[in-house]
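Hi,

Here is the structure I said I would pass on. Have a look at it first, and then read my notes underneath.

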Amino acid sequence: MTRYLVRRIALIVPTAFAASIVVFLVMRALPGDVALAILADTPHTVEIREALRDELGLNDPLVTQYLRWMASMMSGRFGGASLETGEPVGTIVGRQLSVTALLAAYTVAVSLLVAVPLGVAAAMRRGTVFDRAVQGFAAGSLAVPTVFASLLLVWVLLRLFRWSPPIIYSSPGEDLLEHAEIMIWPALLLAAAYLPHLLRVTRARLIDVLQSDYADAARARGLSELGVVVRHALPNATVALITVAGLQFGTLMSGALVVETVFGLPGLGRGIVHAALARDYPVVQSAAVVLVVLVLCANLLVDLAYAVVDPRVHYERRAS
């Protein structure tokens, strides 16, 4: 296990490095000028704008800019300072990441609490009206784009209920009630796109197990249908459930870009959108690399979880 873990962690480095190059080049290819954005409301001349570009290092060769940014990342300064505000990028990303991490945790918790019981109930009532309703719910949730659902929900809350989430974000330690009010709707929207995959794989895997020979043998020994599900079907479905949860983590992060922007959450997704519009290169590049590393770490945790839930998995043997 140790050797496998070291190899997987070592693979994260070149992947993050490749992602950093792609993000760096994409940001430089976008139209717009960060110096012009900073001086937009200030009367200035071309000479002043070029002087600002020189001060920010934007006139340096691309290779020099990239190496300077990477040196800053590797030295612990996390990309230097924001071109827009001058605040350290590490402080910005750390503050935003805490909000996104809470949103992701709430989404996963809601998804599991809804998807697993519904998947079990649908598998135990296969072919019934309830089963078809659950499948319809899953298909409908996947069919509605997160952008449309977010805007529609905001419109419904404002027009029909005369209520909107708090404008200012509060952490759980500051005001738990306001924190719940501003986080509940984004978490539910993300869960609506995340849980259908978990629901469908839970249902499909349980149906396979319930039709297996050892499930019939368990029934023959007098075990109830619920007992077969709890003792045999669910443990066998856990590996598939973990796999889907890990594969969809990237989708969850991309959905955070949308809901955080619509609901005004000061998370990593909204921060990337704002920094991209302002052409704040260090913030976008550093935040994007953090997201890539998070997804890679999530996949690593999924692989390690296999060995916990399934003793038949031996990574040392596989790695050799």
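Below is what I found, going from the aromatic rings to the cores and then to a couple of helices.

Before anything else, keep in mind that this is a predicted model.

Let me begin with the rings. There are 3 aromatic pairs in the structure. Take Phe17 and Tyr66: their ring centres are 6.3 Å apart and the planes meet at 70 degrees, so this pair counts as edge-to-face. Phe17 belongs to helix H1 (residues 2-29) and Tyr66 to helix H4 (residues 62-74), so the pair ties together parts that are 49 residues apart in sequence. The two partners are not equally covered: Phe17 is partly exposed, at a relative accessible area of 41%, whereas Tyr66 is buried, at 11%.

Tyr66 has a second partner in Trp69. Here the ring centres are 5.9 Å apart with the planes at 65 degrees, so this pair is edge-to-face too. Both residues sit in helix H4, 3 residues apart, or about one turn of the helix. Trp69 is buried, as is Tyr66. Put the ring pairs together and you get a cluster made of Phe17, Phe24, Tyr66 and Trp69.

Two arginines are worth a click while you are looking at rings. Arg28 lies over the face of Tyr281, 4.1 Å from the ring centre. Arg125 does likewise with Phe130, at 5.8 Å from the ring centre.

Now the inside. Which residues touch the most other members of the largest nonpolar core? They are Leu103, Leu252 and Leu265, out of the 49 residues in that core. Helices that each supply at least two residues of this core include H1, helix H5 (89-124), helix H8 (176-210) and helix H13 (281-309). H8 gives the largest share, with 11 residues. As a general point, nonpolar side chains in soluble globular proteins tend to be buried together.

If you want one residue to centre your view on, try Leu265. Leaving out neighbours within four places in sequence, Leu265 is in contact with Val99, Leu103, Tyr169, Ile182, Met183, Pro186, Glu260 and Arg270. Apart from the largest core there is another one, of 12 residues, with Ala123, Val209, Ala218 and Ala233 among them.

Helix H3 (residues 46-56) makes a nice example of a helix with two sides. Arg49, Leu52 and Arg53 are buried there. These three cover an arc of only 100 degrees around the axis, which puts them on the same side of H3. Glu47, Asp54 and Glu55, on the other side of H3, are exposed. Helix H2 (34-38) is part of what covers the buried residues of H3. Just after H3 comes Gly57, with a positive phi near 80 degrees.

One last stop, in helix H5, is Gln96. Is Gln96 buried or exposed? Its relative accessibility is 12%, and the cut-off for buried is under 20%, so Gln96 counts as buried. Setting aside residues up to four places away in sequence, Gln96 touches Pro266, Gly267, Leu268 and Gly271.

Have a browse and tell me what you think.

Cheers

Definitions and conventions:
Residues numbered from 1 in each chain as written. Heavy atoms only, no water. Phe/Tyr/Trp six-rings, centres within 6.5 Å; stacked < 30°, edge-to-face > 60°. Helix = DSSP H or I, 4+ residues; strand = E, 2+ residues; numbered from the N terminus. Buried < 20%, exposed > 50% of the residue type's maximum accessible area, 1.4 Å probe, protein only. Lys NZ or Arg CZ within 6 Å of the ring centre and 35° of its normal. Core = buried A, V, L, I, M, F, W, Y, C linked by side-chain atoms within 4.5 Å. Contact = heavy atoms within 4.5 Å. Arc of directions from axis to C-beta.
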